[in-house]
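Here is a short tour of one sheet and its surroundings, written for someone who would like to follow along on screen. Please open the model and keep the sequence beside it.

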Amino acid sequence: MEPERLRRRLSSAFRLRGFVLRPDALKYLTEAFQSTSEGELDDIIDNVIDAVEKQPLSSNMIEQPLVEAAVQECSRAPDEAIENVFNIIGAFDIPRFIYNSERKKFLPLSMTDLPGPSLFGSARDKAELYRERYSILQQRTHRHELFTPSPVAAHPDDSKSKFQLKTIESLLGNTAKVGEVIVLGMITQLKEGKFFLEDPTGVVQLDLSKAQFHNGLYTESCFVLAEGWYEDEVFHVNAFGFPPTEPSATTRAFYGNINFFGGPSSSSVKASAKLKQLEEENEDAMFVFVSDVWLDQAEVLEKLHMMFSGYSSAPPTCFFFCGNFSSAPYGKNQIQSLKGSLKALADIICEHPSIHKSSRFVFVPGPEDPGPGSILPRPPLAENITQEFRQLVPFSVFTTNPCRIQYCTQEIIIFREDLINKMCRNCVRFPSSNMDIPSHFVKTILSQGHLTPLPLYVSPVFWAWDYSLRIYPLPDLLVTADKHDPFSVTNSECLCINPGSFPRSGFSFKVYYPSNKTVEDSKLQEL
């Protein structure tokens with residue numbers, strides 16, 4: 001086709017979709033489509049514009065780099081989806097998105113004025129940490145049917161059942177009593193023995209003497225919906241509840257195919273029909289989760305030998321071993337003994353050729369493994385410790401804590417921390433209902449959208465990397481490896497499991513089957 005005519009067609013096609021092509025982008029597309037036949041041209045242009053729309057755009061002016069990326073995505077062979085079947089994403093590789101309340105969209109860090117994250121965070125990072133947690137929960141709560149304003153023409157009875165969220169600022173400006181309000185805020189203890197509710201607009205003192213607590217573990221620094229009345233600069237709480245959770249599918253219906261999770265895919269893997277088909281067809285896929293793998297204990301190594309022998313006829317896709325990797329962590333010989341223990345494990349794996357050849361091994365460090373203290377996220381075990389093991393077992397990965405696993409269209413988060421005990425100890429009021437503690441725990445972290453909704457002095461976090469502990473949108477599987485008894489709880493279409501401490505729970509572990517999203521409780525019995 002003549003270049004001039006092709007240019008006109010490209011310009012008008014982009015204009016119809018509300019975009020303006022810059023001259024350099026137009027020139028690039030004209031050269032790229034010069035040899036394309038007339039019949040195929042319209043479809044190809046539509047595909048390119050679709051790919052442009054998926055990218056984060058700051059304006060409707062389309063630059064050359066954007067169209068280059070779009071053309072590349074469209075010309076990618078369909079088989080490349082196969083590369084994205086299994087990916088391990090470390091905490092420091094997770095993309096950061098910031099919620100923009102004006103545009104009601106999540107924007108990548110590159111489109112904001114915020115600096116890139118650093119381990120030595122600034123004061124601004126610490127403030128942003130809570131502000132971002134708040135804005136994510138606020139937009140999620142506002143969208144919930146109980147808080148959505150009714151259309152004008154709705155039935156008058158409907159509008160009465162809707163709640164309206166107030167800010168603390170709107171309470172502080174009142175001299176008279178304000179009755180029956182609901183506020184979203186964070187519980188803090190600014191003075192010893194006195195609790196306050198905090199949001200970006202202000203702080204108000206709480207009176208909890210008559211407060212009823214709904215299900216969950218209410219700790220300091222967690223966000224709550226507080227219902228009550230305000231008088232004389234005190235907010236008298238009648239009831240505390242958590243912000244409502246929402247299934248991952250609901251979140252994606254609002255925000256499209258943004259890849260919040262991380263990994264090589266440019267858009268969310270949930271949208272890939274090819275990966276979905278692979279996931280359903282591969283019924284033999286199986287993930288084994290084991291926590292507290294004390295490699296310095298002879299009995300633990302014996303049990304692992306027994307486990308590998310049992311699985312050698314049908315090797316699992318992947319073994320996930322969570323720390324601590326020593327039963328007596330600390331001491332001047334810890335690193336040397338850990339190297340020796342890993343070598344012993346590698347020897348056991350090599351004794352089972354089918355597992356050595358077919359299974360992957362992922363190691364997530366525990367809170368007492370060698371590393372830079374207890375601050376989250378934790379980097380992987382040091383390379384000098386794991387070098388020999390990686391040479392003997394090439395399909396092994398030593399990753400961060402927490403870490404993310406993408407398998408076909410499924411998203412899995414693994415977190416090794418003794419969190420239940422910490423949260424129970426730091427409760428404002430211990431739950432009195434008859435629901436079991438794991439259910440309270442799961443409800444709490446899913447509604448908070450964060451793995452550690454605790455004060456920073458209880459569970460320290462690198463301020464600028466706090467976003468790597470987010471669980472929003474919800475994953476398909478959340479593995480919280482904890483020394484608490486094993487459990488499996490489903491909430492908001494998210495399956496949460498705890499494999500339990502391997503040596504302390506009679507050598508129990510969990511097996512997950514991704515094709516039908518089921519979990520099997522397993523235990524190694526004495527022979």
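Ile414 has Val479 as its bridge partner in strand 19, and Ile413 is matched there with Leu478. These pairs belong to strand 18 (residues 410-416) and strand 19 (residues 477-481), which pair in the parallel sense over five bridges. Two strands count as paired if DSSP finds at least two bridges between them; strands (E, at least two residues) and helices (H or I, at least four) are DSSP runs, numbered from the N terminus.

A word on the source: this is a predicted model, in which local features need pLDDT of at least 70 and side-chain atom pairs count only at pLDDT 80 or more, while totals for chains, interfaces and linings use all residues. Residues are numbered from 1 along each chain as its sequence is written, and side-chain values use heavy atoms, with hydrogens and water left out.

Ile414 also has a partner in strand 17, where Cys403 stands opposite it. Here are the two pairings of strand 18 together:

| Strands | Sense | Bridges |
|---|---|---|
| Strand 17 (residues 403-407) and strand 18 | antiparallel | five bridges |
| Strand 18 (residues 410-416) and strand 19 (residues 477-481) | parallel | five bridges |

Strand 17 and strand 18 form a hairpin with two residues between them. Cys408, in the turn, has a positive phi of about 50 degrees.

Is strand 18 mostly covered or mostly bare? Seven of its seven residues are buried, meaning under 20% relative accessible area (1.4 Å probe, protein chains only). In a regular strand the side chains alternate between the two faces of the sheet. Here, Gln410, Ile412, Ile414 and Arg416 are buried on one side, and Glu411, Ile413 and Phe415 are buried on the other.

Now step back to the whole sheet. It is open, with six strands in the order 3-17-18-19-21-20 and mixed pairing. Strand 3 (86-90) and strand 20 (487-491) stand at the edges with a single partner strand each, so one side of each has no neighbour in the sheet. Neighbouring strands are turned by 20 degrees against each other on average, direction ignored. Helix 15 (residues 437-448) packs on this sheet, touching strand 19, strand 20 and strand 21 (494-498). The direction of helix 15 makes about 45 degrees with that of strand 20; axes are lines fitted to C-alpha atoms, for helices over the stretch in contact (heavy atoms within 4.5 Å), and angles run from 0 to 180 degrees between N-to-C directions.

Key:
Buried means under 20% relative accessible area, exposed over 50%, partly exposed in between (1.4 Å probe, protein chains only).
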